[in-house]
Amino acid sequence: MTEEILSVLNGEVFGVWFLIGAALVFWMQAGFAMVETGFTRAKNAGNILMKNLMDFCIGTVVFILIGFSLLLGEDMAGIIGKPGFDIFTDYANFDWSNFVFNLVFCATTATIVSGAMAERTKFISYCVYSGVISAVIYPIEAHWTWGGGWLSQIGFHDFAGSNCIHMVGGISALIGAAMLGPRIGKFVKDKAGKVTKVNAFPGHNLPIGALGVFILWLGWYGFNGAAATSVEELGSIFVTTTIAPAIATVVTMILTWVKYGKPDVSMCLNASLAGLVAITAGCDVVDAFGSIVIGAVAGVLVVFGVWFLDYKLHVDDPVGAVAVHCLNGIWGTVAVGFFATPSAPAFARGFGDGVSFGANQIAGAGLFYGGGFKQLGLQLLGMFATIAWTAVTITITFIIIKKLFGLRVSEEEEIIGLDAKEHGLPSAYAGFSIMDISNTMTMDVNENTDLGVSDYDKASEFQKDAAVKVVEAPITASASGIYKVVIIAKLSRFEALKTALNDLGVTGMTMTQVMGCGIQKGAGEMYRGAEIDATLLPKVKIEVVVSKIPVDSVIATAKKVLFTGHIGDGKIFVYNVDRVVKVRTGEENTAALQDVE
């Protein structure tokens, strides 16, 4: 009797945990939204948020109508679940928990595609293909593994979705991004059409992207662990779900540090997700060593995947969805065939009677744990079957959508931004400045700009004038003695210039942030392995009006502060205020106006 009571209590506890896990997986939608938004440009932030919201909402509608029954309905020939409407006709006996749990997983599959096709996809087209994935593509292939279909019957193992969710989303993302084409300016081509340069489009908000990664990592404990049936299984799943992404991130940090000279922030964020994707299929049947190897390979794959798409396939994937989900979904699925071990607490439950199998069961140990090639063969079979199904159905879907609605927005809409053109949203950051005012962009020491001396006091007048050019210096005295001085300088020199002018006696000034460049260009920094086109640099425009302070003193002070020994250190414009006033009141002729301008 005591054992029966404990068994019932245990079932109730894990039933509640199952629903908590579903809530954690739902919360991952916020993580995906933050990652995709942070890794793309500000002008499309609202559009991406809207897509991630509609993933779940549209997915819920079609999952109610058809998706759930195709996934978990009565098995028909091992291929498909029997369509039905039990949620409407027999609600009292409906499987509520399974519905919610599988719904949130379904939404995850659809949202993966969003990132790879970001910044140039029509919103209506996105809504349609997201609905098709949730209604048909995902439910049918997931039935093969989790709904009693043919893959589960032979012992194919994908505990939480490296194959059924992440690889399917990644394959869809790859095909969609390829059909859609790259963002304007991503690839530079010669006259023959050969790509000669890959340009980087840095994400506008990496703090939001990092927040998204941490949200996803937290949600992944529910993603991988919700179906556990004992404390031992749950504990082991938490261990493997922690080790793999951590190892993947460290490996990627080292790789990018060696390859690009500096550890790449966004790639390391991608690596955490890659490790999570890779461990998802075998999280219940691998041990710590297996998790380490799986994570290490994932870290390499994500770096390779981003490079391969940019430089070999020339497919534009703004957030790295293909490298994270497709490549590591494949790797995670195959890795079960290598690392499944009888020492994992869930293996005995998964193995079942060793003859017939069901959802989340496994046919044998992995190759490296004495199981031979049997399980590896099953994993490869299931993977290739799922790839074939996904590639065919999503390609047909995209072709039909392209014919009916078109996949891509116009060039004008893409340049202006989807927030404004698709949603009438001027900016997702209304009221906030999105220009960097904290530091300066690194500058190259360009040999064409070097004047040979960096000490102002040792420089010749010619060198001083070449570094900081003075335009419209006052030749005649102002009747009022008032002059306006406009100084264009590097952002990094603003504090020093402000202090020097204050010391001179200038008590008021106007500072405006501007972008510009002359002979000096930005340094060739790398973002995700591609060079950042940094020809426009952050500058400041300082305006002061002086009367009692000699204008020559202001000029001399500014030239000294701005001087670094390079052409293009700054530029100074001086205006006679009497003349400016006359021009504004129409007292001088057009030639004078042009001269002032």
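In the predicted model, the side chains of D465 and K559 form a salt bridge in which the closest N and O atoms are 2.3 Å apart. This contact links distant parts of the chain, since D465 belongs to helix α17 and K559 to helix α19, 94 residues apart. The two partners differ in their surroundings: D465 is partly exposed, with a relative accessibility of 38%, whereas K559 counts as buried at 8%. The value for K559 falls in the buried class because that class covers residues under 20% relative accessible area.

A second salt bridge involves helix α19 as well. Here D457 is paired with K560, and the closest N and O atoms lie 3.9 Å apart. D457 is located in the loop between α16 (418-423) and α17 (461-467), while K560 is part of helix α19 (residues 551-562), so this pair ties together parts of the chain that are 103 residues apart in sequence. D457 is exposed, with a relative accessible area of 57%; K560, at 45%, is partly exposed.

A salt bridge within a single helix is formed by E495 and K498, with an N to O distance of 3.5 Å. Both residues lie in helix α18 (residues 494-504), and because they are three residues apart, about one helical turn separates them. Each is partly exposed, the relative accessible area being 47% for E495 and 28% for K498. Elsewhere, R41, E119, R183 and D316 are joined into one network by salt bridges that share partners. The structure holds twelve salt bridges. In general, side chains of opposite charge can pair when their charged atoms come close.

Disulfides, by contrast, number zero in the structure. Two cysteines may nevertheless be described by their accessibility. C127 counts as buried, with a relative accessibility of 18%, and C164 is likewise buried, with a relative accessible area of 0%. The assignment of C127 follows from the cut-off, because buried residues are those under 20%.

On the surface, a nonpolar patch is made up of V61, L65, I66, F85, F88 and V136, which together have about 530 Å² of accessible area. Helix α2 (residues 45-72) gives the most to this patch, contributing three residues. Another member, V136, is placed in helix α5 (residues 123-146). V136 is partly exposed, with a relative accessible area of 32%; this value admits V136 to the patch because patch residues must have over 30% relative accessible area.

Among the strands, β3 (residues 187-189) and β4 (residues 195-200) pair in the antiparallel sense over three bridges. Within this pairing, K189 stands opposite V195 of β4. The two strands form a hairpin with five residues between them. In the turn of this hairpin, G193 has a positive phi of about 90 degrees. As a general feature, side chains in a regular strand alternate between the two faces of the sheet.

Conventions. Residues numbered from 1 in each chain as written. Predicted model: local features only at pLDDT ≥ 70, side-chain atom pairs only at ≥ 80, totals over all residues. Heavy atoms only, no water. Pairing = 2+ DSSP bridges. Helix = DSSP H or I, 4+ residues; strand = E, 2+ residues; numbered from the N terminus. Patch = residues over 30% accessible without salt bridge, like charges linked within 9 Å, V, L, I, M, F, W, Y side chains within 5 Å. Areas by Shrake-Rupley, 256 points an atom, 1.4 Å probe, with all protein chains shown as cover. Salt bridge = Lys/Arg side-chain N within 4 Å of Asp/Glu carboxyl O. Buried < 20%, exposed > 50% of the residue type's maximum accessible area, 1.4 Å probe, protein only. Disulfide = S-S within 2.5 Å.
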